[in-house]
Structures are given as structure tokens and as C-alpha cells.
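Please open the model in your viewer and keep the sequence panel beside it, so that each selection below can be followed from one stop to the next.

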Amino acid sequence: MEVASSKTRKGKLLPDDGVFSSPVFLALLIQLLAFGLSYVLYATDRWQFGGILSPYLLLIVHASLAAVLSFLLRMSWWWWLIQFIFPFAVVASLVFQLHPGVSLAIFVLMVLLFWSTYRTQVPYFPSKSSLLPCILEQLPAHDDLSFIDIGSGFGGVSVSLARLRPQQSFFGVEVAPFPWLVSWFRAKWVGPRVRFYLKDYLQLDFAEFDVVFAYLSPAAMPDLWEKISNEMRPGTQFMSYEFKVPGIEADLTIKSNANDPVLYVWRI
């Protein structure tokens, strides 16, 4: 486990606003542009060469164009993957003629799992088991410690920590209903000192917690840091797995293995 320390520089960051601030809107425009370019290629091929390009090749071109455009427009990496897969998913649903009930079930599951990704720009990220020793090493030992995982998903971090530190209190907050429901059931098997809230973390007062942990996305970090700076008490800690706060140097950077993401720690 590698640990590096540095000085923290406090500050306030504001996200950039603009017509393309919604990633879903931008993703839709990219798909339309990729489709338009693919259609131009299709029409040119039909006109000049009699249609030698197969539909499958044109589909790959469309998907690749969408992924490349997402990269060039600096969308987050998961959008590159989504943009590439989306055209194949649409074609597959048409070719295999899925029953409307199957399509509805898939849609409902995706809504419950990714309830507010369109707004928060935070997809589901499962953390690695090697993260837990890194967190534990930094947690104070006192019994009245209060820890919260924001964007807690299926509750793995808080549930695992609660089992290792039963005298301390661990919480999670999640806006997607299905992951929250799973974490709520998991908490019932652990005990009263682990709980999960179904709400936006912006509704919480961070002054109530000694440690705030996040595994969100680069898009969420500026607003999150502003809330951290305004609400957390002196002597508390903010931890972020994999994603830095832009322009704000962490006090500690911890890496358990060479191929694992970094845990960043800020002392407030």
C-alpha cells in the first residue's frame, strides 16, 4: 500500500454551465450526427459503388463514430462505451423482435438502477475489495465516529465497514431506488449502526458526519467540494475513490495495488 501526503489548498469551484451541460442532450446529438455521417457513407456507397458495404459494417461505423465523437467532446469514459453499444442494442431489439413485456421490464430495471444518472452524471461504480483496508487505516478509532458513503449503490462499503467496526456508525445515501432497496435489506442483517437513506446527498448536512466518502464521477466533484467546504467541521475527513477534486490538492493519496484506483483523502 502506497501513501503519499501533501498540503491541502481550500477553495470553491463552480461547474461550467452551457447549452451542452446535459450529457444526455449531448449524447443524443452525437448519435444523430453519427447516424447522419453513416447515412452519407451509405448513400455514397450506393451511388458510386453499387452498395458494396454491408449493413453490419455500416453499423460498426455508426457506433465507432459515436464513441470517437464522445471522446473528442471530452465526455466521460463510460459515455464512450454507452455511445458505442447503443446502436447495436437498437438493432438487436428490432432483429430479435423482443416481446413488449421484456422491453418494458428491461426499461424499468434500468430506470430503477440509473434513476438520476441523466441529472447527476454519476453512473454506478462498484468499488474493489482492496479499498476497505485503505479506508480503515484512515478512520479514527473513537466509538462515536459517524461515516457516510454518498452514492452508496448496493451498500457494500458501509456494510463491510460496519462488520469490521461494529462500535461505530455507518450510513449510505443513494437516489436510485433498486440499489437503495438492496442496501436497506443488507443493513437489516448487520445491525442498527448501519443505515441507508433514499435521497439526494445534497439534502444532508455534512456537519453531522466525521468522514464523508464518495465514489462518484469527475462531473460531480466541483459541487461536492463546495458542499464539503461549507458544511464539514474542522478535524473531519473527506475521502474520494479514484476521482480528484479539480485544483484542490489532497492531503493523502493511497494506493493499495499498482492496478487499483487511488483513494484521495482531504483533512478538513
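## A tour from the helices to the strands

Begin by selecting residues 23–49, which form helix α1, and find L28 within that helix. The model you are looking at is a predicted one. Now add F25, L29 and L32 to the selection, since together with L28 these residues make a nonpolar surface patch of about 360 Å².

Next, select residues 55–72, the run of helix α2, and place a distance between the C-alpha atoms at its two ends: they are 26 Å apart, which agrees with the 26 Å that 18 residues should span at 1.5 Å a residue. Colour L58, L59, H62, A63, A66, A67, L69 and S70 in this helix, and you will have marked residues of α2 that are buried. An α-helix has 3.6 residues a turn, so residues three or four places apart point the same way.

Stay in α2 for a moment and centre the view on L69, which has its place in this helix. L69 has a relative accessible area of 19% and is counted as buried, because the cut-off for that class is under 20%. From L69, draw a line to A34: the two are 35 residues apart in sequence, yet their C-alpha atoms lie 8.2 Å apart in space. Then move past the end of α2 to R74, which follows the helix and has a positive phi, near 60°.

Helix α3, residues 77–95, is the next selection, and F88 is the residue to look for in it. Is F88 buried or partly exposed? With a relative accessible area of 30%, F88 is partly exposed. Its link back to the previous helix can be seen by picking A63 as well, for F88 and A63 are 25 residues apart in sequence and 7.6 Å apart in space, taken from C-alpha to C-alpha.

Now turn to the strands, and select β5, residues 211–214, together with β6, residues 237–241. These two strands pair in the parallel sense over four bridges, and two of the facing positions are easy to pick out: V211 stands opposite Q237, while V212 has F238 as its bridge partner. If you add helix α9, residues 221–231, you have the complete β-α-β unit of β5, α9 and β6, which is right-handed.

Looking at β5 by itself, you will find V211 and F213 on one side and V212 and A214 on the other, and all of these are buried, so that both faces of the strand are covered. Strand β2, residues 146–150, also pairs with β5 in the parallel sense, again over four bridges, and here I150 stands opposite A214.

Where do the side chains of β6 point? Q237, M239 and Y241 point one way and F238 and S240 the other way, and all are buried; five of the five residues in this strand are thus mostly covered ones, being counted as buried. To see the neighbour that runs antiparallel to β6, select strand β8, residues 263–267, which is joined to β6 by five bridges. In that pairing, Q237 has R267 in β8 as its bridge partner.

The last stops are the charged pairs, for which the count comes to two salt bridges. Side chains of opposite charge can pair when their charged atoms come close. Show the side chains of D210 and R233 to see one salt bridge, in which N and O are 3.1 Å apart. This pair links distant parts of the chain, with D210 in the loop between β4 and β5 and R233 in the loop between α9 and β6, 23 residues apart. D210 counts as buried at 16% relative accessibility, whereas R233 is partly exposed, with a relative accessible area of 33%.

Finish in helix α9, where E231 and K227 are four residues apart and therefore separated by about one helical turn. The side chains of E231 and K227 meet in a salt bridge with an N to O distance of 2.9 Å. Of this pair, E231 is partly exposed, with a relative accessible area of 24%, and K227, at 7% relative accessibility, counts as buried.

How values were computed: Residues numbered from 1 in each chain as written. Predicted model: local features only at pLDDT ≥ 70, side-chain atom pairs only at ≥ 80, totals over all residues. Heavy atoms only, no water. Patch = residues over 30% accessible without salt bridge, like charges linked within 9 Å, V, L, I, M, F, W, Y side chains within 5 Å. Areas by Shrake-Rupley, 256 points an atom, 1.4 Å probe, with all protein chains shown as cover. Salt bridge = Lys/Arg side-chain N within 4 Å of Asp/Glu carboxyl O. Expected span 1.5 Å × (residues − 1). Buried < 20%, exposed > 50% of the residue type's maximum accessible area, 1.4 Å probe, protein only. Pairing = 2+ DSSP bridges. Right-handed = clockwise from strand over helix to strand, strands pointing away.
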